[in-house]
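Good morning, everyone. Please take a look at the sequence and the fold on the screen. I'll walk you through a few parts of it.

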Amino acid sequence: MLTADEIDLAKEMLSVLRPMEVATRELCGQKYVTSSKVIPLINCLIQKTESINISNPIALTLKQAMLENLDKRFGRMEEISLLSVATILDPRFKTIHLNNPNCSARAIRLIKNKITEVRNSCDDINSSSCHGSSDDDGDDSLWSVHTELVTQKAASVTSEQSEERIPTDLKHYLNHPTIPLGEDILKYWDQNGNMYPHLKKIVQPYLSVVATSVPSERLFSKAGNIMTEKRNRLKGKKLQQLLFLSSLDINDWHLE
């Protein structure tokens, strides 16, 4: 039987590990955009872990080891342009979680260049552009860190915007307040695409990237469950159809 000290230790270790579990589950999703959540979630995870108050030496060692490994493995994530640009193009985050001014400026410059390319390619084209988590603000929520940052930086203007001229629609987008976490960002871009026509055209390639390999691994697992030894004569086309049907939500069948 566990002693009282061991139970207290287990509770403190759980409090240290819980934010990591939340971040892992969030980034392994497949029915919502995840690429733009990598940098914000890592930032929230680090700050949330730092703010945990514990007293047990073993739990403190675990906390310190987690912080060191987070910094070692993810401390330079902002230098990955794809993730930085995806974060900026997510109207829930924009530049709030970009703490490195150089990385933020480089990502904005990349977006600016992409907009220039879109403008040049659309000079003689008058066609329309292509398309394109619930709120939890409790004190124990990992996203509560993001909520605090939104409050602190809502009225601020990033220095990288003032250092160089940027397109009007990009400047207007960056200066506009962030939207709530529970909003569907794909719907946002679909509804507000007319306000930022050039931005809308470069959004999809960045926001369609998945943060982890978990969705593809789930697909392989489903394929393995369908194509068993007793069903080894299934052809690729039929397997693809069965995988598609198994991916549908119950509401997609319109049974009622």
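**Two crossing helices**

Let's start with α2 and α4, which are roughly perpendicular to each other. Why do we call them that? Their axes cross at roughly 90°, and angles of 65 to 115 degrees count as roughly perpendicular. The two axes come within 8 Å. Which residues make the contact? On the α2 side, they are V38, I39 and P40. On the α4 side, they are L83, S84 and T87. Keep in mind that this is a predicted model.

**The cores**

Next, the inside. In soluble globular proteins, nonpolar side chains tend to be buried together. Here, the largest nonpolar core has 43 residues. Which of them touch the most other members? They are L89, I111, L170, Y173, W189 and L199. Several helices give two or more residues to this core: α1, α2, α4, α5, α6, α8, α9 and α10. The largest share comes from α2, with six residues.

Now pick out Y173. Set aside its neighbours within four places in sequence. Y173 is then in contact with I88, L89, D90, P91 and K94. Its contacts also include Y188, W189, Y196 and L199.

There is a second, separate core as well. This one has six residues, among them L9, I52, A59 and M66.

**Helix α5**

Follow α5 along its length. It runs from 101 to 121, which gives it 21 residues. From first C-alpha to last, α5 reaches 30 Å, close to the 30 Å expected at 1.5 Å a residue. Look at its start. There, a side-chain oxygen of N100 reaches to within 3.0 Å of the backbone nitrogen of N102. Which residues of α5 are buried? They are C103, S104, A105, A107, I108, I111, I115 and V118. We met I111 a moment ago, among the core residues that touch the most other members.

**One histidine**

Last stop: H146, in helix α6. Is H146 buried or exposed? H146 is buried, because its relative accessible area is 3% and the cut-off for buried is under 20%. What does its side chain meet? It makes a polar contact with the side chain of H97, at 2.8 Å. A polar atom of the H146 side chain also lies 3.3 Å from the backbone oxygen of R92. Leave out the neighbours within four places in sequence, and H146 is in contact with C44, R92, F93, H97 and L181.

That's my tour. Thank you.

Terms used: Residues are numbered from 1 along each chain as its sequence is written. This is a predicted model: local features need pLDDT of at least 70, side-chain atom pairs count only at pLDDT 80 or more; totals for chains, interfaces and linings use all residues. Side-chain values use heavy atoms; hydrogens and water are left out. A nonpolar core is a set of buried Ala, Val, Leu, Ile, Met, Phe, Trp, Tyr and Cys residues joined through side-chain atoms within 4.5 Å. Buried means under 20% relative accessible area, exposed over 50%, partly exposed in between (1.4 Å probe, protein chains only). Helices (H or I, at least four residues) and strands (E, at least two) are DSSP runs, numbered from the N terminus. Contact means heavy atoms within 4.5 Å. A polar contact is a pair of N or O atoms within 3.5 Å; within protein, one must be able to donate a hydrogen and the other to accept it, and residues adjacent in sequence count only if both atoms are side-chain atoms. The expected span of a helix is 1.5 Å times one less than its number of residues. Axes are lines fitted to C-alpha atoms, for helices over the stretch in contact, and angles run from 0 to 180 degrees between N-to-C directions. Angles under 35 degrees count as roughly parallel, over 145 as roughly antiparallel, 65 to 115 as roughly perpendicular and the rest as oblique.
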